[in-house]
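I opened the model this morning with a short list of things to look up. My notes follow in the order I took them.

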Amino acid sequence: MKKEDCYFLGKITRRHGLHGNVFLKLDTDQPEMYSKLDTVFVDINGLLVPFFITRQSWSKGETLIVSFKNSTEALVDQVVGKDVYLPLSGLPKLTGNKFYYHEVIGFEIREEDGKSCGIIESVNDQTGQHYFVLTLAGKQIVIPIIKDWIIELNREEKFLKMSLPEGLMDVFLVPSKKDE
């Protein structure tokens, strides 16, 4: 399994108890989708290694307590702190203006009048307000991901049309005038 064929599910944060269980902190806004995991892929030294789950239970919030098949102390030591992935093929297809963040990397963002705002280089979901990071004319631009602003998602032509507030693009593109 290659990393580009997978999506980030979460991170194994620490041990749980003495029986080889670990805490798996999920990075999702729909943790209920992962209540019956069979296999996960753990990034160990750049390789995705499959781990088979024998038991799982919810801890709190988006955290699972997971037990791996044939778990040993050495195995648990090796996976703590590692990133966990699942295959992209397991994700349900989204339609309309709904999208997965990894899906829109490389898409162009356009304003209502069709004017380009740049190409999505990454998505920051580590803050309370998630946002697109774009590049246009050699400058980095940040656009908040607000579903009411999204007018159209065109998967074939790879663009998002958005209704952006007046002046948002100017913050990044127009040089500021120095106060006298």
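**Entry 1: strands 11 and 12**

I started with strand 11 and strand 12 (residues 159–162), which pair antiparallel over four bridges. I keep in mind that this is a predicted model. Ile150 sits opposite Met162 of strand 12.

Next I looked at the loop between strand 11 and strand 12, where I found Lys158. Lys158 has a positive phi, near 55°, and is not a glycine. I noted this because most residues other than glycine have a negative phi. Is Lys158 buried or exposed? Neither: Lys158 counts as partly exposed, because its relative accessibility is 48% and the partly exposed class lies between 20% and 50%.

**Entry 2: the open sheet**

I then asked which sheet these strands belong to. I found an open sheet of six strands in the order 10-9-8-7-12-11. Its pairing is mixed. Which strands form the edges? They are strand 10 (139–144) and strand 11 (150–154), and each pairs on one side only. On average, neighbouring strands of this sheet are turned by 35° against each other, direction ignored.

I followed the order inward from strand 10. Strand 9 and strand 10 are antiparallel partners over six bridges. Val133 has Val142 in strand 10 as its bridge partner. The two strands, 9 and 10, form a hairpin with two residues between them. Ala137 lies in that turn and has a positive phi of about 55°.

Strand 8 (residues 116–124) came next. It pairs with strand 9 (residues 131–136) in the antiparallel sense, over five bridges. Here I picked out Ile120, whose bridge partner in strand 9 is Leu134. How many residues join strand 8 to strand 9 in their hairpin? I count six residues in the connection.

**Entry 3: the barrel**

I moved on to the other set of strands. Six strands close into a barrel, in the order 1-2-5-4-3-6, with antiparallel pairing. Neighbouring strands are turned by 45° against each other on average, direction ignored.

I checked one pair in detail. Strand 1 and strand 2 (residues 21–26) run antiparallel and are joined by six bridges. Ile12 has Leu24 in strand 2 as its bridge partner.

Then I looked up Lys11, which is in strand 1. Lys11 and Lys25 are 14 residues apart in sequence, yet their C-alpha atoms are 5.3 Å apart. Beyond its neighbours within four places in sequence, Lys11 is in contact with Phe23, Leu24, Lys25, Gly81, Lys82 and Asp83. Lys11 is partly exposed, with a relative accessible area of 35%.

Strand 5 (residues 63–68) holds Thr63. Why do I class Thr63 as buried? Its relative accessible area is 11%, and buried means under 20%. Leaving out residues up to four places away in sequence, Thr63 touches Phe23, Leu24, Lys25, Ser57 and Trp58. Phe23, Leu24 and Lys25 thus turn up in my notes for Thr63 and also for Lys11.

I closed this entry with the loop between strand 3 (39–44) and strand 4 (47–58), where Asn45 lies. Asn45 has a positive phi of about 55°, although it is not a glycine. Asn45 counts as exposed because its relative accessibility is 71%, and exposed means over 50%.

**Entry 4: the pockets**

Last, I went through the pockets. The largest pocket holds about 1200 Å³ of space. I find 29 residues in its lining. Which of them lie nearest its centre? They are Asp29, Phe99, Tyr100, Tyr101 and Asp125. The lining divides into 17 nonpolar, six polar and six charged residues. Strand 1 (residues 6–16) gives the largest share of this lining, with three residues.

The second largest pocket holds about 220 Å³. Its lining consists of Leu88, Ser89, Leu91, Pro92, Lys93, Leu94, Tyr100, His102, Glu103 and Arg155. I sorted these into five nonpolar, two polar and three charged. Tyr100 lines this second pocket, and Tyr100 is also one of the residues nearest the centre of the largest pocket.

Methods: Residues numbered from 1 in each chain as written. Predicted model: local features only at pLDDT ≥ 70, side-chain atom pairs only at ≥ 80, totals over all residues. Heavy atoms only, no water. 1 Å grid on protein atoms, 1.4 Å probe; cavity = no way out; pocket = protein on both sides within 12 Å on 5 of 7 lines; lining within 4 Å. Points joined across faces, edges and corners; volume = space filled by probe spheres on them. Nonpolar A, V, L, I, M, F, W, Y, C, P; charged D, E, K, R; others polar. Pairing = 2+ DSSP bridges. Axes fitted to C-alpha atoms, helices over the stretch in contact; angles between N-to-C directions. Buried < 20%, exposed > 50% of the residue type's maximum accessible area, 1.4 Å probe, protein only. Contact = heavy atoms within 4.5 Å.
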